[in-house]
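Visitor: I should like a close look at a single part of this model. Please place that part within the whole chain before turning to its details.

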Amino acid sequence: MPLGEQRSEGEWKRILDPQQYYVLREKGTEPAFTGKYYYNKKKGVYRCAACGQELFSSATKFDSGTGWPSFWAPISEEKVVRKTDNSYSMQRIEVLCSRCGSHLGHVFDDGPAPTGERFCMNSISLDFEEEV
């Protein structure tokens, strides 16, 4: 999918399974410690499950203990969009795929060096391509 190309919500409903649609398009969250990539220690690249854009490298993945895959930085800032999220009576920073606008998770300022950030992502929002 070319950068910036968008799909209608009807198209997304046909492409994504119901749980993916709930998280990626309706900004849902998968339960902690249930995602397929939380325990993944393989080397490779994490892509947007909706459009395939490269988002995170396994080199920046760390065990945050929170129950969701966590990274201290995206592959590049151009790959993600940060948006203020005031839902659930709290202020957080939502992380979206810059290509398709899908919800990935949130970023917090309690991560490790060198960035001090924790990109807390939903496994269902990601696909993993193992390094060969």
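**From the whole chain to the surroundings of D85**

Guide: Of the contacts in the protein chain between residues at least 6 apart in sequence, 55% join residues at least 24 apart, a contact being heavy atoms within 4.5 Å. The model is predicted, with local features requiring pLDDT of at least 70 and side-chain atom pairs counted only at pLDDT 80 or more, while totals for chains, interfaces and linings use all residues. Residues are numbered from 1 along each chain as its sequence is written, and side-chain values rest on heavy atoms, with hydrogens and water left out.

The protein chain contains 2 helices and 9 strands, taken as DSSP runs numbered from the N terminus (H or I of at least four residues for helices, E of at least two for strands). In sequence order they give the pattern α-α-β-β-β-β-β-β-β-β-β. The radius of gyration, computed over C-alpha atoms, is compared with a rule of 2.2 Å times the number of residues to the power 0.38. The protein chain has 14 Å, which agrees with the value near 14 Å for a compact globule of 132 residues. The C-alpha trace spans about 45 × 40 × 30 Å along its principal axes. Of the 132 residues, 45% are buried, that is, under 20% relative accessible area (exposed is over 50%, partly exposed lies in between; 1.4 Å probe, protein chains only).

The part I propose to examine is D85 and the sheet that holds it. D85 is found in strand β5. An open sheet of 6 strands runs in the order β3-β4-β8-β7-β6-β5 with antiparallel pairing, where two strands pair if DSSP finds at least two bridges between them. Its edge strands, β3 (61–62) and β5 (80–85), each pair on one side only. Strands of a sheet pair through backbone hydrogen bonds, either parallel or antiparallel.

The partner of β5 is β6, joined to β5 in the antiparallel sense over 6 bridges. In this pairing D85 stands opposite R92 of β6. Between the two strands lies a hairpin connection of 6 residues, in which Y88 takes a positive phi near 60°. Strand β6 (residues 92–97) has 5 of its 6 residues buried, so the rest of the structure largely encloses β6.

D85 itself counts as buried because its relative accessible area is 12%. Its side chain makes two polar contacts, defined as pairs of N or O atoms within 3.5 Å; within protein, one atom must be able to donate a hydrogen and the other to accept it, and residues adjacent in sequence count only if both atoms are side-chain atoms. One, of 2.6 Å, is with the side chain of S87; the other, of 2.7 Å, joins D85 to the side chain of H106. Beyond neighbours within four places in sequence, D85 is in contact with M90, Q91, R92, E94 and H106.

H106 leads to the next strand of the sheet. Strand β7 (residues 103–108) pairs with β6 in the antiparallel sense over 4 bridges, and H106 of β7 stands opposite E94. E94 and H106 are thus both among the contacts of D85. The hairpin of β6 and β7 has 5 residues between the strands, and G101 there takes a positive phi near 80°.

Farther along the sheet order, β4 (residues 70–71) and β8 (residues 118–121) pair in the antiparallel sense over 2 bridges, with F71 opposite F119 of β8.

For the remaining strands, a second open sheet has the order β2-β1-β9, again with antiparallel pairing. Its edges are β2 (54–57) and β9 (126–130); each has a single partner strand, so one side of each lacks a neighbour in the sheet. Strand β1 (residues 44–48) runs antiparallel to β9, with 5 bridges joining them, and Y46 stands opposite F128 in β9.

Lastly, the cysteines. The whole structure contains 0 disulfides, a disulfide being a pair of cysteine sulfur atoms within 2.5 Å. C48 is in none; its nearest cysteine sulfur, in C100, is 3.7 Å away, and that distance is too far for a bond. Both residues count as buried, because C48 has 1% relative accessibility and C100 has a relative accessible area of 0%.
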